[in-house]
Amino acid sequence: MSDAFFRPVSGFDLPRYAGVPTFMRLPHVDLDNPRIKDVQIGLIGSPWDSGTTNRPGPRHGPRQLRDMSTMIRAQNGATGVRPFELVNCADLGDVAPNPADLQDSMARITAFFDRVGDAGIVPLTAGGDHLNSLPILRALARSTPLGMIHFDSHTDLFHSYFGGTLYTHGTPFRRAVEEGLLDPRRVVQIGIRGTTYDSEDRDFADSVGIRVIPIEEFHARGPQDVMTEAKEIVGNAPTYVSYDIDFVDPAFAPGTGTPEIGGPDSYQAITVARMLGGVNIVGADLVEVSPPFDASGATAYLGVSIMFEMLCNMAVSLQP
Ligand code: MN
Ligand code: MN
């Protein structure tokens, strides 16, 4: 049972469009706040998109996601889970990146998540572009390589861009495997599709044993069957969940830099997150929401709805 301090502001007490918009209307508890020692799940913004190779904008994601997250209520409509009553959740604020220096930004992100890990907090992060996942994994995988369930149109497993640039949002998981942060035999990538430069990423996946489930297979089998396999692949060991909003069809999630057609609808998008129950989640992220391409805010609303589904499973799994 959570401490009353960590309950969100109810829409019965203050209308949901009013007040300072923290993630899901939770209290803001930064890393220097004495109450940080009581936080179990930390919602964190990482407003950094310097790994973006095409249309930029996810640096603005956390602010819009916070705004749209005020639409989230206390109880999961499908499962009845009330995550904010199960565990102490808080908005830990934003990582402070250096938008003019990619390596410095990654060091800052890792240092922030080192402190989150030292405090025993399970992080749920809103990006930012997908390169954010690499410095986060550097902090979370300090003691053991992690498994990963990865929802995306893209593998993000390419070796390099522009003739040798190693750090872009198309390369984070190649680096994570090379650095021993991920156990590739416990990594599954779901929803892969679209035109590509070549097959170099898929060849790498095959060579190290990463399971790629392309969108054709996802649609043929359905989300339940695919998620059953994904949970078998990661097993009971520590697992990271990385959710690129471009996994979802651009009809439902147009506000992203690298959309690909033929994807899951919004119901399938929350279904796969809801089916993460039982996974030993040590951290999760929702990345690539790009407000400049999200005029209605619908993409950000879908993004925070996915975050809520992940949060519900994380909260249940933290129960004694
Ligand atoms: Mn991605
Ligand atoms: Mn993608």
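In this predicted model, Glu309 has a relative accessible area of 5% and is therefore buried. The residue belongs to helix α10, which spans residues 298-317. Leaving aside residues up to four places away in sequence, Glu309 is in contact with Asn76, Ile270, Ala273 and Arg274.

Helix α10 also contributes to the largest nonpolar core, supplying 11 residues, the largest share. That core has 54 residues, and those with the most contacts inside it are Leu43, Phe151, Ile190, Tyr243, Ile306 and Met310. For Ile190, contacts beyond four places in sequence include Ile149, Phe151, Asp152, Ile213, Val226 and Phe247. Another core, of 38 residues, lies apart from the largest one, and among its members are Ile36, Met106, Ile136 and Ala176. In soluble globular proteins, nonpolar side chains tend to be buried together.

An open sheet is formed by 8 strands with parallel pairing, in the order β2-β1-β3-β8-β7-β4-β5-β6. The edges are occupied by β2 (89-94) and β6 (211-214); each has a single partner strand, so one side of each is without a neighbour in the sheet. From one strand to the next, the twist averages 15°. Strands β1 (residues 41-46) and β3 (residues 122-127) are joined in the parallel sense over 6 bridges, and Ile44 stands opposite Thr125 in β3. Helix α8 (residues 223-234) packs on the sheet, where it touches β4 (146-151), β5 (182-192), β6 and β7 (239-244). The direction of helix α8 makes about 165° with that of β5.

Two manganese ions, ligand 1 and ligand 2, lie 3.2 Å apart and are bridged by Asp152. The manganese ion (ligand 1) is coordinated by His130 (ND1), Asp152 (OD), Asp156 (OD) and Asp244 (OD), at 2.1 to 2.2 Å. Along the chain, the donors of this ion (ligand 1) have the spacing H-x21-D-x3-D-x87-D. His130 is in the loop between β3 and α4 (133-140), whereas Asp152 is in the loop between β4 and α5 (172-178), so this pair ties together parts that are 22 residues apart in sequence. His130 is buried, with 0% relative accessibility, and Asp152 is buried with a relative accessible area of 0%.

For the manganese ion (ligand 2), the coordinating atoms come from Asp152 (OD), His154 (ND1), Asp244 (OD) and Asp246, the last listed with OD twice, at 2.1 to 2.5 Å. The spacing of the donors of ligand 2 along the chain is D-x1-H-x89-D-x1-D. His154 is buried, as is Asp152.

Across the whole structure, 22 salt bridges are found. One of them is between Arg59 and Asp49, with the closest N and O atoms 2.7 Å apart. Both residues lie in the loop between β1 and α1 (61-69), 10 residues apart. Arg59 is partly exposed, at 36% relative accessible area, whereas Asp49 is buried, at 4% relative accessibility.

A network of salt bridges links Arg211, Glu217, Arg221, Asp225 and Glu229. Within this group, Arg221 meets Asp225 with an N to O distance of 2.9 Å, and Arg221 also forms a salt bridge with Glu229, with the closest N and O atoms 2.7 Å apart. Arg221 is partly exposed, at 27% relative accessibility, and Asp225 is partly exposed, with a relative accessible area of 38%. Glu229 has a relative accessible area of 18% and counts as buried, because the cut-off for buried is under 20%.

Terms used:
Residues numbered from 1 in each chain as written. Chains lettered and ligands numbered in written order. Predicted model: local features only at pLDDT ≥ 70, side-chain atom pairs only at ≥ 80, totals over all residues. Heavy atoms only, no water. Helix = DSSP H or I, 4+ residues; strand = E, 2+ residues; numbered from the N terminus. Buried < 20%, exposed > 50% of the residue type's maximum accessible area, 1.4 Å probe, protein only. Contact = heavy atoms within 4.5 Å. Pairing = 2+ DSSP bridges. Axes fitted to C-alpha atoms, helices over the stretch in contact; angles between N-to-C directions. Donors = N, O, S within 2.8 Å, 3.2 Å for Na, K, Ca; no water. Core = buried A, V, L, I, M, F, W, Y, C linked by side-chain atoms within 4.5 Å. Salt bridge = Lys/Arg side-chain N within 4 Å of Asp/Glu carboxyl O.
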